[in-house]
Amino acid sequence: MSGGHFAGQRPAPYSRASAGDYHDRLAKKRRRGFALRTLLIALVILLAGSGVAVAAWVGNIQSRMNNSKVVTTELREALTERDAPNDPYYVLLLGTDGRPGETQYRSDTIILARIDPQQKVATLLSIPRDTMVTWKGSTMKINGVHTYDGAAGMVQVVSDLCHVEISHYAEVNFDGLSGITDALGGVTVDVDMDIKDTIHFDDVTELQKGEQVLNGAQALFYCRCRYFADGDYTRMRHQRTFVKSLIAQVLSTTDPTKLVGVVNSCADMVITDMSVTEIASLANEMRGMNTEDGIYTAFVPSVPQMVDGVSYVVADWDQLDEMMKVIDAGQDPSSFNEGGYGNSSAE
């Protein structure tokens, strides 16, 4: 990797905007609701035919996904209004080890996603959970920000590090990943290597290389296993691969009964600021995308490093700045990972 440096913490305060600009951004009113389209219409037809109160069902789904313990006023203020419904925007995705009802948990997976509805292109950028950052004057791993300031803190620190405004937030616990996968009837994934771990897992402990349909337990193993030569980098690659396959599966599913199961599973396991109508609109906008070529994946250029006796991942901020310019332009950023630590031709 050339042209950059690994200089430790981001040389910037936790808010890159001036105080005035920051509060102006927080004061923006967030736009609510898009028209219900194909996905929600299918659900409405199914539910109405079954004699179910559609409004009550949608309201129930909404309240479960908009968990007020996570989707706080602080989070909504940290998110930035989209300029126009069809413009590209960023979503922060977190995978956690939390379970329903728990208030203390870790963010083990951090993905910044750029969504372009017009071009039907999505970009998934993995941020190593051990990335060293400075947050409110203290040096810590980036997932430690979640412990101190929750979802709002994570949105702010990722926004600052990547120099983008984030419009939406979503988190899913790993147990939920299993439920969503099973609700879809499994997810087809091209597993890039033989994977085995009988020490840290006791349900599924092995996967063979090759394309296969993973059930919920297998998906959980595939996404959580991290005992590889390069540690978390392979796990991050597997997570991006799975998310890409999951998106493809959801967008290709037309069976309304199956979609109802997916929505119900998501409501229990996914927490987001988005409304049901916004999610339905997004699914409709992205339907028909080329999921093979229309989903770019990359990770923050970085290396593992011991700093003052603590194991961190140190980002190459110069390279990340250049990478974000490419991502923001809607182009493929994967070339920035070529030849760098954690790179694999399997991705």
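User: Which residues form one aromatic cluster in this predicted model?

Analyst: In this predicted model, the aromatic cluster consists of Y233, F299 and Y341. The structure holds three aromatic pairs.

User: What makes Y233 and F299 an aromatic pair, and why is the pair called edge-to-face?

Analyst: Ring centres must lie within 6.5 Å to count as a pair, and planes over 60 degrees apart count as edge-to-face. For Y233 and F299 the distance is 5.5 Å centre to centre and the angle between the planes is 75°. Both conditions are met, and the pair is therefore edge-to-face. Y233 belongs to helix α8 (residues 232-252) and F299 to strand β12 (residues 295-299), so that the pair links distant parts of the chain, 66 residues apart.

User: How do you know whether Y233 and F299 are buried or exposed?

Analyst: The term buried means under 20% relative accessible area. Y233 has 3% relative accessibility, so it counts as buried. F299 has a relative accessible area of 3%, so F299 is buried.

User: Why is the pair of F201 and F221 given its name, and what does it tie together?

Analyst: F201 and F221 lie 4.9 Å apart, centre to centre, with 85° between the planes. The distance is within 6.5 Å and the angle is over 60 degrees, so this pair is edge-to-face. F201 lies in the loop between β8 (195-196) and β9 (206-207), while F221 lies in helix α7 (residues 216-224), so the pair ties together parts that are 20 residues apart in sequence. F201 and F221 are buried.

User: Why are helices α7 and α8 called oblique to each other?

Analyst: The two helices pack at an angle of about 140°, and their axes are 7 Å apart. An angle over 145 degrees would count as roughly antiparallel, and 65 to 115 as roughly perpendicular. The angle of about 140° falls in neither range, and α7 and α8 are therefore oblique. In α7, the residues A219, Y222, C223 and R224 meet R235, H238, Q239, T241 and F242 in α8. By class, this contact has four nonpolar, three polar and two charged residues.

User: How do you know that helix α10 is largely enclosed by the rest of the structure?

Analyst: Helix α10 (residues 276-286) has 11 residues, of which eight are buried, so the helix is largely enclosed. Among the buried residues are V276, E278, A280 and M286. Just after α10, G288 takes a positive phi of about 95°.

User: What makes P304 partly exposed, and which residues does P304 contact?

Analyst: Buried means under 20% and exposed means over 50%. P304 has 39% relative accessibility, which lies in between, so P304 counts as partly exposed. P304 is in strand β13 (residues 302-307). Leaving aside neighbours within four places in sequence, P304 is in contact with Y233, Y312, V313 and Y341.

User: How do you know that the charged end of R82 sits over the ring of Y89?

Analyst: The charged end of R82 is 3.7 Å from the centre of the Y89 ring. One requirement is a distance within 6 Å of the ring centre, and the value for R82 satisfies this requirement.

User: Why do K120 and K136 count as partly exposed?

Analyst: K120 has 28% relative accessibility, which is neither under 20% nor over 50%, so K120 is partly exposed. The value for K136 is 48%, so K136 is partly exposed as well. K120 lies in the loop between β2 (107-116) and β3 (121-126), and K120 has a positive phi of about 55° although it is not a glycine.

Notes. Residues numbered from 1 in each chain as written. Predicted model: local features only at pLDDT ≥ 70, side-chain atom pairs only at ≥ 80, totals over all residues. Heavy atoms only, no water. Phe/Tyr/Trp six-rings, centres within 6.5 Å; stacked < 30°, edge-to-face > 60°. Helix = DSSP H or I, 4+ residues; strand = E, 2+ residues; numbered from the N terminus. Buried < 20%, exposed > 50% of the residue type's maximum accessible area, 1.4 Å probe, protein only. Lys NZ or Arg CZ within 6 Å of the ring centre and 35° of its normal. Axes fitted to C-alpha atoms, helices over the stretch in contact; angles between N-to-C directions. Parallel < 35°, antiparallel > 145°, perpendicular 65-115°, else oblique. Contact = heavy atoms within 4.5 Å. Nonpolar A, V, L, I, M, F, W, Y, C, P; charged D, E, K, R; others polar.
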